[in-house]
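Good morning, and thank you for coming. I would like to take the group through one structure, beginning with a term that the later part of the talk relies on.

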Amino acid sequence: MPTPRKVRARGERSPLASVGLHLTLIVAAVIAVFPPLWLVVTSFKPKTDAFDTHLVKNFTLGNYTHVIKDTEFLTWLGNSLIVVGLTTVIGVFISATTGYAVSRFRFPGLRPLMWMLLITQMFPVAILIVPLYNLLAGLGLLNQPVGLVVTYLTVAVPFCAWMMKGYFDGIPVEIDEAGRVDGLNPFGTFWRLIMPLAKPGLAVTAFYTFITGWAEVAYASAFMTGEENLTLAGGLQSFVNQYTAEWGSLTAAAVLIAAPAAVVFGLVQRHLVSGLTAGATKS
Amino acid sequence: MAVDTSQSVAKAAGAHSARGRGRRTDKHPGRLRHALATHWYAWSMIAPVVIVIGVIIGYPLVRGVYLSLTDANEANVERTIGVNHIPATYEFVGLDNYKAVLTDSVFWDRLGWTLVWTVVCVALSFGLGLVLANMLNRKIKGRGFYRMALILPWAVPAFVSVFTWRLLFNERNGLFNKLLQGGGIDAIGWLNDPTWAKVSVIAVNVWLGVPFMLVAVLGGLQSIPGELYEAAEMDGASAWQRFRHITMPGLRPVASTVILLSAIWTFNMFPVIFLLTRGGPGDSTEILVTYAYRLSFVNSPRDYAASAAWGVVILLLLSVIAVVYRRALKKQGDQW
């Protein structure tokens with residue numbers, strides 16, 4: 001006799017399905033979290049235990065003190081902070097103005113601009129890097145943070161402007177009209193009314209721009225030379241070549257690099273889903 | 001759906017602003033003056049982007065295309081040695097570089113692997129992102145925790161992650177091989193065997209790419225109205241039918257954008273390959289961009305002209321892919 005199927009309310013599922021769901025998610029979460037976690041674990045091991053499969057047996061902060069005291073790490077950190085800070089502030093601002101313009105105005109040049117923003121995503125580093133190197137050399141911007149800032153802006157801004165357009169599209173145009181009625185000009189409307197409403201979108205843009213600059217390797221290592229000019233990404237590269245065996249120092253440096261990124265991520269992650277949706281669905 | 005409303009909203013706004021400005025201009029303004037008066041707000045807002053992109057991408061692009069038509073290399077470009085300034089001596093050679101690229105089996109081999117790499121990476125990361133997002137979109141305990149954990153790889157700078165994976169993949173001492181040996185299985189040359197190296201770079205790239213897909217799909221799922229599912233359930237649609245006929249169409253705008261973008265990014269994914277295997281062993285994991293980079297920054301003498309030609313070819317390939325893809329979507333009724 002077939003057992004009658006139990007009727008379930010909407011959104012309920014059998015215990016078996018629940019277990020399967022949780023198991024799958026746990027496996028996926030472990031895979032996602034394990035490599036960064038292992039990095040942290042390794043960084044607390046003495047040099048000689050770097051490849052030990054146990055969790056920390058002889059806890060030590062030696063790797064960290066070595067990296068901070070005996071290498072150029074702090075210089076690189078300073079360089080990265082300057083470059084990435086500038087990139088993020090400028091990037092967020094000009095992505096927002098561009099996004100707002102393409103969301104609210106119809107003007108000659110709109111379509112070419114949209115295409116330009118898409119096509120810019122396609123430029124392989126390889127075709128740009130040599131001429132850009134020459135250009136920056138000509139302008140005297142090699143080994144200067146400004147050179148890297150401008151370069152990173154061209155990488156991050158097209159995608160961010162696109163994302164911001166989607167976000168502004170979701171803000172009712174009546175708000176602009178109300179501002180206009182109250183005597184604000186379009187800049188005033190944008191700055192005083194729309195920007196505060198777009199905070200989640202701005203948070204995602206800031207995160208994306210930050211991570212672009214923080215994690216970029218190719219331009220950073222091509223345009224910045226000399227220990228004292230490197231950014232963290234370039235610095236860690238020189239580390240790998242110099243101290244092949246010193247996994248301890250390397251992991252400590254890597255953790256120190258990842259930590260600020262994780263902090264920024266923690267600050268904006270609440271907004272990531274809503275911000276990115278707007279960008280993706282409405283572009 | 002979202003596309004339609006946003007466009008009509010935007011159009012209304014455009015019309016409004018045009019009218020608003022128009023009233024204040026002279027009665028018979030010159031065409032340019034009129035355009036300026038109407039659109040200067042918009043133009044001044046996009047100006048920084050246009051200028052920055054124009055200079056930083058426009059100039060190098062033109063210059064790159066020009067270089068690709070010459071025989072420029074390390075030995076004949078303009079350079080300064082000490083106090084001596086040596087002018088450039090390279091010459092215009094027409095399409096020779098392109099002929100060389102296209103008749104070279106290296107190019108076709110690399111192109112084949114690059115396409116495999118792109119398709120496999122995008123398909124896997126989108127598929128996994130889709131499955132996980134659907135799971136996270138249900139009522140489930142610890143949803144916030146799972147979401148945070150699954151997005152975490154995104155927060156770690158890619159080069160740090162890649163470096164960590166290198167640690168794990170290390171042939172003699174890496175954790176993976178130690179675990180395998182613990183289970184009595186021979187060590188695998190993760191990054192030293194051509195096939196395993198390919199598997200490894202794809203695995204790492206998928207690991208890096210899933211969080212972006214997950215977040216995008218999750219956002220897309222949340223924008224699908226719940227009533228659609230209720231109605232479907234009333235009509236007795238099965239879970240699969242609901243997924244097939246409501247979820248999939250609802251995700252299309254998100255999916256089409258993220259798939260195109262991630263295909264472009266993966267095609268040009270320099271850091272993963274370069275930092276994990278440097279294109280090796282041999283050149284088994286070399287994709288087109290890493291090869292072009294090698295030509296102008298690693299090999300000696302540095303061959304700028306060939307590298308530029310590779311770059312132009314890559315750009316053309318991507319443009320073709322993008323146009324074909326957009327066409328296909330448009331045929332199915334997609335906006336944009």
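A residue is called buried here when its relative accessible area is under 20%, exposed when that value is over 50%, and partly exposed in between. E286(B) has a relative accessibility of 1%, and it therefore counts as buried. Please keep in mind throughout that this is a predicted model.

Let me begin with chain A. Chain A contains 12 helices and zero strands. Its pattern along the sequence accordingly reads α-α-α-α-α-α-α-α-α-α-α-α. Of its 283 residues, 55% count as buried.

The unreviewed UniProt entry annotates "transmembrane region" in chain A at residues 21-41, 81-102, 114-133, 145-164, 202-222 and 247-268. I will take two of these spans. Residues 81-102 of chain A are 100% helix and 0% strand, with 31 Å between the end C-alpha atoms. For residues 247-268 of chain A, the figures are 100% helix, 0% strand and an end-to-end C-alpha distance of 31 Å.

The span 81-102 brings us to the surface. Which residues make the nonpolar surface patch of about 340 Å²? They are I82(A), L86(A), V89(A) and I90(A). L86(A) belongs to helix α3 of chain A, which runs over residues 73-104. With a relative accessibility of 39%, L86(A) counts as partly exposed.

Helix α4 of chain A offers a contrast between two of its residues. R111(A) is located in this helix, which covers residues 110-120, and M114(A) is found in helix α4 as well. R111(A) counts as exposed, at 55% relative accessibility, whereas M114(A), at 11%, counts as buried. As for distances, M114(A) is separated from I31(A) by 83 residues in sequence and by 38 Å in space, C-alpha to C-alpha.

R111(A) also takes us across to the other chain. Together with R327(B), K330(B) and K331(B), R111(A) forms a patch of positive charge on the surface. Which helix gives the most to this patch? That is helix α13 of chain B, residues 304-331, with three residues.

Turning to chain B, the unreviewed UniProt entry assigns "domain: ABC transmembrane type-1" to residues 111-325. Over that stretch chain B is 77% helix and 0% strand, and the C-alpha atoms at its two ends are 18 Å apart.

UniProt, again in an unreviewed entry, places "transmembrane region" in chain B at residues 40-62, 111-133, 145-168, 199-221, 254-276 and 304-325. Once more I select two spans. Residues 40-62 of chain B are 100% helix and 0% strand, and their end C-alpha atoms lie 28 Å apart. Residues 254-276 of chain B are 91% helix and 0% strand, with 30 Å between the end C-alpha atoms.

I come now to the charged pairs. Side chains of opposite charge can pair when their charged atoms come close. How many salt bridges does the structure hold over all chains? The total is four, and I will discuss some of them.

In chain A, R104(A) and D176(A) form a salt bridge through their side chains, at 3.1 Å from N to O. R104(A) sits in helix α3 of chain A and D176(A) in helix α7 of chain A, residues 173-181, so this pair ties together parts that are 72 residues apart in sequence. Both R104(A) and D176(A) are buried.

In chain B, R110(B) and D283(B) are joined by a side-chain salt bridge of 3.8 Å, N to O. R110(B) lies in helix α4 of chain B, residues 105-136, while D283(B) lies in the loop between α11 (270-276) and α12 (288-298), so the pair ties together parts that are 173 residues apart in sequence. Are these partners buried or partly exposed? R110(B) counts as buried, at 7% relative accessibility, whereas D283(B), at 35%, counts as partly exposed.

Finally, we return to the residue with which I opened. E286(B) meets R294(B) in a salt bridge between their side chains, at 2.8 Å from N to O. R294(B) counts as partly exposed, at 23% relative accessibility. Its partner E286(B), at 1%, counts as buried because that value falls under the 20% limit.

Thank you for your attention.

Terms used
Residues are numbered from 1 along each chain as its sequence is written. Chains are lettered from A and ligands numbered from 1 in the order in which they are written. This is a predicted model: local features need pLDDT of at least 70, side-chain atom pairs count only at pLDDT 80 or more; totals for chains, interfaces and linings use all residues. Side-chain values use heavy atoms; hydrogens and water are left out. UniProt positions are given in the numbering used here, feature names are shortened, and annotations may be inferred rather than shown by experiment. Helices (H or I, at least four residues) and strands (E, at least two) are DSSP runs, numbered from the N terminus. Patches are made of residues with over 30% relative accessible area and no salt bridge: like charges are joined within 9 Å, nonpolar side chains (Val, Leu, Ile, Met, Phe, Trp, Tyr) within 5 Å. Accessible areas come from the Shrake-Rupley method with a 1.4 Å probe; for residues, only the protein chains shown count as cover. Lys and Arg count as positive and Asp and Glu as negative; His and the chain ends are not counted. The place of a charge is taken as NZ of Lys, CZ of Arg, CG of Asp or CD of Glu. Buried means under 20% relative accessible area, exposed over 50%, partly exposed in between (1.4 Å probe, protein chains only).
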